Amino acid sequence: MMKRIPIVAVIIENNGSILMHRRNYEPQKGKIDFVGGFVEKGETVEEAAVREAKEETGFNVSLTRKIAVLDYTQEREKTMHLFIAKIVGGKERNSTEGEAVWMKSSERKELAFPNTAYFLDVYEQLKKESSS
């Protein structure tokens, strides 16, 4: 059995919006997805999340919460680790991966994958629960 590929995704919060990115590459080029990517050898999922956020947005982030882990298959078997983060430094910039897009977490336009919408729903639910 092949080992699942660990992936990280980061929801970067700031002033009521979240930072996503518009993909520069296929699959789903031009669509909106989470900041994130593959975990490198010898790296924890937390380290990968912080590194990917820096590489893709220019921001230094602090992870505030891990909100989900999901096994799924898209080309290969993967495990997604989803984090919420806040900005602690750095300067916003686009990367080769994609262009920074600030949006409300309730928006569902132009999302790259079904998982993107699903995780935004999970995030929205958590926000509701923590504010009540």
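Good morning. Let us begin with Arg23, which lies in strand β2, spanning residues 17-23. I should say at once that the model under discussion is predicted.

Is Arg23 buried or exposed? Its relative accessible area is 18%, and the cut-off for buried is under 20%, so Arg23 counts as buried. Beyond its neighbours up to four places away in sequence, Arg23 touches Gln28, Lys29, Gly30, Lys31, Asp33, Glu97, Ala112 and Phe113.

I turn next to Phe59, a residue of strand β5, which covers residues 59-74. Phe59 is buried as well, with a relative accessible area of 9%. Which residues does Phe59 contact, once neighbours within four places in sequence are left aside? They are Leu19, Ala53, Lys54, Ile87, Gly89, Gly90, Lys91, Glu92 and Trp102. Of these contacts, consider Glu92: Phe59 and Glu92 are 33 residues apart in sequence, yet their C-alpha atoms are 5.9 Å apart in space.

Now to the nonpolar cores. In soluble globular proteins, nonpolar side chains tend to be buried together. Here, the largest nonpolar core has 21 residues, and Phe34 and Leu82 have the most contacts inside it. Two or more residues of this core come from each of β1 (5-14), β2, β5, β6 (76-90), β7 (98-103) and α2 (114-131). There is also a second, separate core of 15 residues, including Val8, Leu19, Ala53 and Ala100. Leu19 and Ala53 were named a moment ago among the contacts of Phe59.

Finally, Phe34: leaving aside neighbours within four places in sequence, its contacts include Leu82, as well as Ala9, Val10, Ile11, Met20, Phe119 and Leu120. Thank you.

Technical notes
Residues are numbered from 1 along each chain as its sequence is written. This is a predicted model: local features need pLDDT of at least 70, side-chain atom pairs count only at pLDDT 80 or more; totals for chains, interfaces and linings use all residues. Side-chain values use heavy atoms; hydrogens and water are left out. Helices (H or I, at least four residues) and strands (E, at least two) are DSSP runs, numbered from the N terminus. Buried means under 20% relative accessible area, exposed over 50%, partly exposed in between (1.4 Å probe, protein chains only). Contact means heavy atoms within 4.5 Å. A nonpolar core is a set of buried Ala, Val, Leu, Ile, Met, Phe, Trp, Tyr and Cys residues joined through side-chain atoms within 4.5 Å.
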